[in-house]
Amino acid sequence: MKELELKYGCNPNQKPARIFMKEDKELPIKVLSGRPGYINFLDAFNGWQLVKELKEATGLPAATSFKHVSPAGAAVGLPLSDTLKKIYWVDDLGDLSPLACAYARARGADRMSSFGDFISLSDVCDVATAKIIKREVSDGVIAPGYEPEALEILKQKKKGNYNIIEIDPAYVPAPIEHKDVFGITFEQGRNELKIDENFFSNVVTKNKELTGQAKIDMAISMITLKYTQSNSVCYVKDGQAIGIGAGQQSRIHCTRLAGTKADNWFLRQSPKVLGLQFVDGIGRADRDNAIDLYIGDEYMDVLADGAWEKIFKVKPDVFTAEEKRAWLDQMTDVTLGSDAFFPFGDNIERAHKSGVKYIAQPGGSMRDDNVIETCNKYDMVMSFTGLRLFHH
């Protein structure tokens with residue numbers, strides 16, 4: 001197949017639309033089910049590159065959950081604790097494969113943003129992973145292959161119209177890429193930068209003790225940022241992104257946005273949230289929405305008389321700001337990556353509030369000394385990579 005006609009482009013009024021290969025080459029994908037659209041393919045191809053590089057960097061199966069051409073979550077296949085299984089709504093599925101753990105992490109980190117995601121998997125989709133995908137609201141999945149039973153499970157979604165794409169894992173794109181904007185063609189070399197543990201050898205802070213897990217988390221943050229719309233920062237903990245801030249014009253706003261997502265991830269593990277008693281029959285999306293409101297500033301939207309009865313069996317106590325801060329103070333050893341330099345120490349101050357211990361960023365700001373000084377104040381470990389990772 002050399003080209004594939006699409007229903008429309010980014011919006012229904014943008015026709016005609018297609019994907020195709022130049023020089024009469026074959027597309028490196030097969031559509032096994034559904035009819036993926038323009039944005040679906042943008043998410044799929046960006047996500048596939050991300051998980052492929054995560055697998056190469058860590059040796060672990062990887063998954064990502066994409067929305068609007070940026071990842072909502074990305075992770076490698078480390079085992080899940082009982083608490084994580086519960087907040088990711090997979091505690092009833094029994095033993096999970098490493099790939100299933102990777103997707104549960106990627107989907108579960110920011111469930112509000114992942115609603116209706118496009119999934120990318122580094123490995124052949126197995127039955128355990130397909131069972132998680134089947135129960136979630138999702139647009140589609142791309143993987144290098146599918147176990148026969150897993151494929152049949154996925155084909156049951158959306159009355160047989162779920163988008164399932166198989167990609168050739170051996171496909172290598174041309175080294176020069178092109179993009180048309182306003183009738184004008186842009187050309188650049190592909191970003192073939194390889195990120196491994198040597199990428200973080202230039203530690204500029206007084207504390208230079210980078211753990212093995214921190215190096216893995218730094219690699220996850222950088223590879224995730226490589227495929228996230230800039231400006232972007234990424235908080236990572238124990239093999240998974242827990243807060244991604246994408247496409248913000250100001251870096252401090254990006255750091256705050258991603259930090260809030262990381263905080264919410266940890267607040268969902270608190271006894272007050274784990275103890276919420278939902279009414280019978282409530283869907284996962286409604287539970288996610290209720291939890292997001294309960295741990296946020298708009299908590300009265302779910303605690304007001306006439307509202308809570310529709311969601312909870314027992315009216316929860318308010319999760320006070322003091323209680324939330326006390327819980328968040330227990331979050332430690334978080335890694336923060338940035339796709340460009342931090343221009344001010346205020347980013348570090350905000351990162352500290354979310355338990356950040358390790359930082360990877362290009363460096364090169366006129367105020368690097370101030371940023372390093374702020375890191376030293378909190379005994380953080382910061383690496384200067386020397387390389388920017390803008391993605392547009």
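This dialogue reads selected features of a predicted model, from the whole chain down to single residues.

Q: How many helices and strands are there in the chain?

A: The model is predicted, and its chain holds 14 helices and 15 strands.

Q: What radius of gyration would a compact globule with 392 residues have, and what does the chain have?

A: The idea is to set the value of the chain against the one expected from its number of residues. For 392 residues a compact globule would be near 21 Å, and the chain has 21 Å, so the two agree. Along the principal axes, the C-alpha atoms fill a box of roughly 60 × 55 × 40 Å.

Q: What share of the residues count as buried, and what share of the contacts is between residues 24 or more positions apart?

A: Of the 392 residues, 52% count as buried. Among contacts with a separation of 6 or more, 58% are between residues 24 or more positions apart.

Q: What span should helix H8 have at 1.5 Å a residue?

A: A helix can be checked by comparing its expected span with the distance between its end C-alpha atoms. H8 covers residues 251-267, and its 17 residues should span 24 Å. The end C-alpha atoms are 24 Å apart, which agrees. Buried residues of H8 include Arg251, Cys254, Ala258, Asp263 and Trp265.

Q: How many residues does helix H7 have, and how far does H7 reach?

A: Helix H7 (residues 212-226) has 15 residues and reaches 21 Å from its first C-alpha to its last. That is close to the 21 Å expected at 1.5 Å a residue.

Q: Why can H7 be called largely enclosed by the rest of the structure?

A: The answer comes from counting buried residues: 11 of the 15 residues of H7 are buried, so the helix is largely enclosed. Among them are Ala214, Asp217 and Met218, as well as Leu225 and Lys226.

Q: Is Asp288 buried or exposed?

A: Burial is read from the relative accessible area, and under 20% counts as buried. Asp288 has 11%, so this residue is buried. Asp288 is found in helix H10 (residues 284-294).

Q: Which side chains does a polar contact join to that of Asp288?

A: One partner is Trp89, where the contact with the side chain of Asp288 is 2.9 Å. Another is Arg111, with a side-chain contact of 2.7 Å. Not counting residues up to four places away in sequence, Asp288 touches Trp89, Arg111 and Met112.

Q: Which residues does Ile153 touch?

A: Leaving out residues up to four places away in sequence, Ile153 touches Val127, Ala130, Lys131 and Lys134. Ile153 sits in helix H6 (residues 148-155) and is buried, with a relative accessible area of 11%.

Q: Where is Lys324, and which side chain of opposite charge is nearest?

A: Lys324 is in helix H12 (residues 321-328). For a salt bridge the cut-off is 4 Å. The nearest side chain of opposite charge, Asp297, is 4.6 Å away, and Lys324 is buried yet has no salt bridge. Apart from neighbours within four places in sequence, Lys324 is in contact with Leu267, Ile295, Gly296 and Phe319. Of these contacts, Leu267 is also one of the buried residues of H8.

Q: Which residues does a cis peptide bond join?

A: Most peptide bonds are trans. One cis bond joins Lys15 and Pro16, with omega about -5°. Pro16 is in the loop between strand E1 (3-6) and strand E2 (17-20). Another cis bond joins Ser230 and Asn231, with omega about -10°. Asn231 lies in the loop between H7 and strand E11 (232-237).

Q: What is phi of Asp24, and where does Asp24 lie?

A: Most residues other than glycine have a negative phi. Asp24, which is not a glycine, has a positive phi near 60°. The residue lies in the loop between E2 and strand E3 (29-33). At 58% relative accessibility, Asp24 counts as exposed.

Q: Where is Asp379 found, and what is its phi?

A: Asp379 is found in the loop between helix H14 (368-377) and strand E15 (381-384). Its phi is positive, about 60°, although Asp379 is not a glycine. With a relative accessible area of 42%, Asp379 is partly exposed.

Methods: Residues numbered from 1 in each chain as written. Predicted model: local features only at pLDDT ≥ 70, side-chain atom pairs only at ≥ 80, totals over all residues. Heavy atoms only, no water. Helix = DSSP H or I, 4+ residues; strand = E, 2+ residues; numbered from the N terminus. Buried < 20%, exposed > 50% of the residue type's maximum accessible area, 1.4 Å probe, protein only. Polar contact = N/O pair within 3.5 Å; in protein donor to acceptor, adjacent residues only side chain to side chain. Contact = heavy atoms within 4.5 Å. Lys, Arg positive; Asp, Glu negative; His and termini not counted. Expected span 1.5 Å × (residues − 1). Rg over C-alpha atoms; globule rule 2.2 N^0.38 Å.
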